[in-house]
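Subject: The structure to look through

Hi,

Here's the structure I said I'd pass on. Have it open while you read the rest, and rotate it as you go.

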Amino acid sequence: DNELSSASNYIPDRLNTFGGVIKRAGTTKQLSNQQTQTFRSIYQGHNAIYFTGTTLCKILDNTTIFTAGGATNVWDWTTWSDTAVNRDLFVNAFDNPKKTGGTAGTTADIAGAPPVSRCIKVYHNMVFLVPSAGTSNSRILRWSDLGTFETWPAVNAFTLTSSDDIIMGLMPFNDKLMVMCERKFFHVTGFSQTDISVPYSCYEEGCASHRAIVPTPHGLFWWGRSGAGLIWSKDGFGGDSLDRPLMRKIPNTIDAIAGNLAFVHGFWNALHQRVEMYIPSTSSNAIDLAIFYYPLDDSVWIEEGLGIQNSASCWIVSSIVGTSISGAPLALLGSQTATGYLYNQSGVTDDGTDISAALETRRETTEFGPAALKHCDDLHVSWVNQGAGTIGLGYYLDESTSLASTSFSLSSAGTADTLNSKYIGLNRNFRKLKIRISDDDSVRTQIRSIMNYGHLVSM
């Protein structure tokens, strides 16, 4: 409802009937094994959950199942499933396209497939991929014969885009295959290898990263290259179907992003009903910023800190064969450091480091307007405890950009998971008033409301 002017490391508390906001979840090691490479992909397939570095492809018990012939940042995955055979397929822009065996621990070349490809997806019982040997090949879409992933006639091919553009990613969505290029996107449709067609093209927005194409129940999201950040198409078309929510909400933040957009990655968090995008905001290309977008209420939330500095992510929907994950769905995150860990999104700290969170309200003028002189007797804050800790509270008077006081604090002493409240004597005259709450402790205190009690002094 636009009640906050800024917020860092807070999110809407959708999982509690009280509403309000809560500090974001932390990160907890999913694997105790320290890795030796920066994460480049995480994928839940039919046979296993996989994660990759620059050369190593592993499964969730930390077993290496494949080593690339050279360092690569491009890994893409899909799953072939039918009654006869189930295989997880992947490409890495360096080696021939691969298939896993009937069990997770074996890999082999996909017979007949074009060598060295950068994108791969199953669509309508065919496999589509994009060769990567040079820019000219990266404009070509290839596909297998119907009902197989190992028969690839040369005629099963389209050149889709111009010489100054390449295909960045593929994604099935709304019964069509979305072909996302740097400067445009296409629809590909068809139910056999001989009737593949391109019925639609849009030249309004391109795509920055194949790992930042996110299908959701509310439409297709991706990170664009035009400078608008997150792009949202509710039906996969352009024109009036396209929305650029971050440019509407936080244009200054988007304008300041200076990192290589090819490293942006994201996923749909089905539990919280949000799109999560992880972004390098500086020229160092290190992931240091996450943007959570909630389409149901059109709200944007900025996240920072160690738990955000991850170079790969994936939403795990259920337990599968060959993994130790079971129970509720969860997000997996791969550290961007070469000696990092595979994490899940949970807990109250970022792997032991407290999360620093803060929010600020708008400069409140009350119903009497900004010219009237008001008096604040008390601030009333309500919150829900999640453990022992302290919440700092300060305020800005009128147009000041400096905190007038940081001496107030809200102790989290009390009954956990119980709504608590406190009146804080302010006794200040104001024309505008902004409240700041900060939380640096290893707790996830839930802020329910902040209310100003006072009276009119003069108009």
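Below are my notes on the side chains, going from cysteines to rings to charges. One thing to keep in mind: this is a predicted model.

**Cysteines**

I started with disulfides. A disulfide is a covalent bond between the sulfur atoms of two cysteines. The count here comes to zero. Why does C119 not have one? Its closest cysteine sulfur belongs to C207 and lies 9.0 Å away, which is too far for a bond; the cut-off is 2.5 Å. C119 is also buried, with a relative accessibility of 0%. C314 is in no disulfide either, since the nearest cysteine sulfur, in C57, is 13 Å off. C314 is buried as well, at 12% relative accessible area.

**Aromatic rings**

There's plenty to look at here: the count is 21 aromatic pairs. One of them joins F267 and W315, with ring centres 6.4 Å apart. Are those two rings stacked or edge-to-face? Their planes are at 15 degrees, so the pair is stacked, as planes under 30 degrees apart count that way. Try finding the two residues in the sequence, too. F267 is in strand β25 (residues 265-269) and W315 is in strand β29 (residues 310-316), so this contact ties together parts that are 48 residues apart in sequence. Both count as buried, F267 at 5% relative accessibility and W315 at 15%.

Elsewhere, ring pairs connect Y43, Y50, F66, W75, W77 and F90 into a cluster. Colour those six and you can see how they sit together.

**Charges over rings**

Rings also turn up with lysines. K234 has its charged end over the ring of W232, 3.9 Å from the centre. K29 lies over the face of Y341, 4.5 Å from the ring centre. Hang on to K29, as we need that residue again in a moment.

**Salt bridges**

The structure holds 20 salt bridges. What does K29 pair with? Its partner is D351, and the closest N and O atoms of the two are 2.9 Å apart. This pair links distant parts of the chain: K29 is in strand β4 (residues 27-29), while D351 is in the loop between β32 (349-350) and β33 (353-354), 322 residues apart. D351 is partly exposed at 32% relative accessible area, and K29 is partly exposed at 33%.

Next, look at E360, which meets two partners. With K434 the N to O distance is 3.5 Å, and with R436 the N to O distance is 2.9 Å. The K434 pair links strand β39 (residues 433-439) to strand β34 (residues 357-361), where E360 sits, across 74 residues. R436 is in strand β39 too, 76 residues from E360. Are these charged residues buried or exposed? E360 is buried at 10% relative accessible area and K434 is buried at 12%, whereas R436 is partly exposed at 26%.

There's also a network of salt bridges linking D165, E182, R183, K184 and R225.

**A nonpolar patch**

Last stop, the surface. F368, L456 and M459 form a nonpolar patch there, with about 300 Å² of accessible area together. M459 is in the segment after β40 (446-458) and is exposed, at 70% relative accessible area.

Have fun exploring!

Key. Residues numbered from 1 in each chain as written. Predicted model: local features only at pLDDT ≥ 70, side-chain atom pairs only at ≥ 80, totals over all residues. Heavy atoms only, no water. Buried < 20%, exposed > 50% of the residue type's maximum accessible area, 1.4 Å probe, protein only. Phe/Tyr/Trp six-rings, centres within 6.5 Å; stacked < 30°, edge-to-face > 60°. Helix = DSSP H or I, 4+ residues; strand = E, 2+ residues; numbered from the N terminus. Lys NZ or Arg CZ within 6 Å of the ring centre and 35° of its normal. Patch = residues over 30% accessible without salt bridge, like charges linked within 9 Å, V, L, I, M, F, W, Y side chains within 5 Å. Areas by Shrake-Rupley, 256 points an atom, 1.4 Å probe, with all protein chains shown as cover. Salt bridge = Lys/Arg side-chain N within 4 Å of Asp/Glu carboxyl O.
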